[in-house]
Amino acid sequence: MTPAQDPFYIVKEEIQDSINKLQASLRQWEQTPVNTGERVHLTKELVASCESIEWQVDELDKAISVAARDPAYYGLDDVELGKRRNWTSTAHNQVATVRRAVEAGKEKSHFTFASRQELMGYANDRVSESSRPNHYDARDNDDFISSESDRQLLLIKQQDEELDELSASVKRIGGVGLTIHEELAGQERIIGDLSMEMETTSNRLDFVQKRVAMVMKKASAKGQIMMIAFLIVLFIILFVLVFLT
């Protein structure tokens with residue numbers, strides 16, 4: 001089975017695309033200001049993507065474990081199994097790196113938010129003491145809020161589209177998994193039928209051998225030669241009927 005036909009490589013390509021998108025989202029997340037709506041939304045998206053990809057890689061690990069029980073049946077060897085295990089291990093490490101970065105960023109965000117709150121409280125106290133009025137440009141503030149709102153809506157729309165693509169990818173992987181399961185079940189049935197046929201053939205050959213032994217004891221030398229020739233012809237006929245039809 002070529003890599004293009006092997007279900008493992010089909011699923012591997014889907015997962016690798018998801019990992020590449022995850023890493024791109026992480027870079028965007030790192031460039032996003034802390035304690036903003038965009039940052040919070042990206043954090044949730046990254047965590048959800050990590051969980052989804054980890055589940056997919058775990059399923060691949062299970063499939064590799066099944067194939068490792070009888071590599072020859074699936075057309076595999078130890079080298080190929082090692083390559084597949086190495087890839088799933090690398091995928092786990094890549095996702096774990098993203099998850100650690102997000103967790104560290106969440107802790108940093110919490111610390112920054114607490115520090116900012118403390119500074120704002122200190123500034124308010126100073127203003128109260130001095131009783132100085134603050135002057136804000138209402139129009140500039142409204143424009144900033146409107147611009148920020150539009151930007152947030154656009155970002156949310158883009159992220160929704162990415163989540164839709166991720167959902168479609170998960171569905172495709174699920175379909176491939178079902179196909180693998182059906183194929184394995186079909187091969188097990190074929191093996192069972194073949195085993196029954198082999199057992200039936202073996203019984204027939206044992207019967208013929210016993211009959212030959214009995215006849216050989218009773219026949220003369222010339223008769224034995226004729227009987228051997230007859231049995232050879234009979235064996236050829238049985239072979240053709242059993243294995244070639």
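Analyst: Quick definition before we start: a helix here is a DSSP run of H or I with at least four residues, and helices are numbered from the N terminus. Keep in mind that this is a predicted model. By that count the chain has 5 helices and 0 strands, and the pattern along the sequence reads α-α-α-α-α.

User: OK, which helices each supply at least two residues of the nonpolar patch?

Analyst: Those are α4 (138-218) and α5 (221-243). The patch gets the most from α5, with 7 residues. Its members are L194, M198, L205, I228, I232, F235, I236, F239, V240 and F243, and together they have about 890 Å² of accessible area.

User: What makes L194 partly exposed?

Analyst: Its relative accessible area is 49%. Buried needs under 20% and exposed needs over 50%, so a value in between is called partly exposed. A patch residue needs over 30% relative accessible area, and L194, a member of the nonpolar patch, is at 49%. As for its place, L194 sits in helix α4.

User: Now inward. Which residues have the most contacts inside the largest nonpolar core?

Analyst: I15, L22, L46, I53 and V98, in a core of 24 residues. At least two residues each come from α1 (7-31), α2 (37-69), α3 (78-130) and α4. The largest share is that of α2, with 8 residues. Take L46: beyond its neighbours within four places in sequence, its contacts are L22, S25, L26, W29, V98 and V102.

User: How many aromatic pairs does the structure hold?

Analyst: There are 2 aromatic pairs.

User: Why is the pair of F8 and Y9 called what it is?

Analyst: Pairing takes ring centres within 6.5 Å, and planes over 60 degrees apart count as edge-to-face. For F8 and Y9 the centres are 5.3 Å apart and the planes stand at 90°, so the pair is edge-to-face. Their accessibility splits them: F8 is buried at 8%, while Y9 is partly exposed at 24%.

User: And what kind of pair do Y73 and Y74 make?

Analyst: Their centres are 4.9 Å apart with planes at 85°, so that pair is edge-to-face too. Both numbers pass the tests of 6.5 Å and 60 degrees. Y73 is partly exposed at 29%, and Y74 is partly exposed at 28%.

User: Is E14 buried or exposed, and how do you know?

Analyst: The relative accessible area of E14 is 18%. The cut-off for buried is under 20%, so E14 counts as buried. E14 belongs to helix α1, and outside its neighbours within four places in sequence it is in contact with S169, R172 and I173.

User: How many salt bridges does a search of the whole structure find?

Analyst: The search gives 3 salt bridges. The test is a side-chain nitrogen of Lys or Arg within 4 Å of a carboxyl oxygen of Asp or Glu.

User: What do R99 and E54 tie together?

Analyst: Their N to O distance is 3.1 Å, a salt bridge. R99 lies in helix α3 and E54 in helix α2, so the pair ties together parts that are 45 residues apart in sequence. R99 is partly exposed at 25%, and E54 is partly exposed at 22%.

User: What makes E59 and K62 a salt bridge?

Analyst: The closest N and O atoms of E59 and K62 are 3.5 Å apart, and the limit is 4 Å, so the pair passes. E59 and K62 are 3 residues apart in helix α2, which means they are separated by about one helical turn. At 33% E59 counts as partly exposed. K62, at 53%, is exposed, since the cut-off there is over 50%.

User: Where do R84 and E80 lie?

Analyst: Both are in helix α3, 4 residues apart, about one turn of the helix. Their side chains meet at 2.9 Å, N to O, in a salt bridge, and both R84 and E80 are buried.

User: What percentage of the chain do buried residues make up?

Analyst: They account for 21% of the 245 residues. The accessible surface of the chain is about 17600 Å², with 59% belonging to carbon and sulfur atoms. Of the contacts between residues at least 6 apart in sequence, 75% join residues at least 24 apart.

Technical notes. Residues numbered from 1 in each chain as written. Predicted model: local features only at pLDDT ≥ 70, side-chain atom pairs only at ≥ 80, totals over all residues. Heavy atoms only, no water. Patch = residues over 30% accessible without salt bridge, like charges linked within 9 Å, V, L, I, M, F, W, Y side chains within 5 Å. Areas by Shrake-Rupley, 256 points an atom, 1.4 Å probe, with all protein chains shown as cover. Buried < 20%, exposed > 50% of the residue type's maximum accessible area, 1.4 Å probe, protein only. Core = buried A, V, L, I, M, F, W, Y, C linked by side-chain atoms within 4.5 Å. Contact = heavy atoms within 4.5 Å. Phe/Tyr/Trp six-rings, centres within 6.5 Å; stacked < 30°, edge-to-face > 60°.
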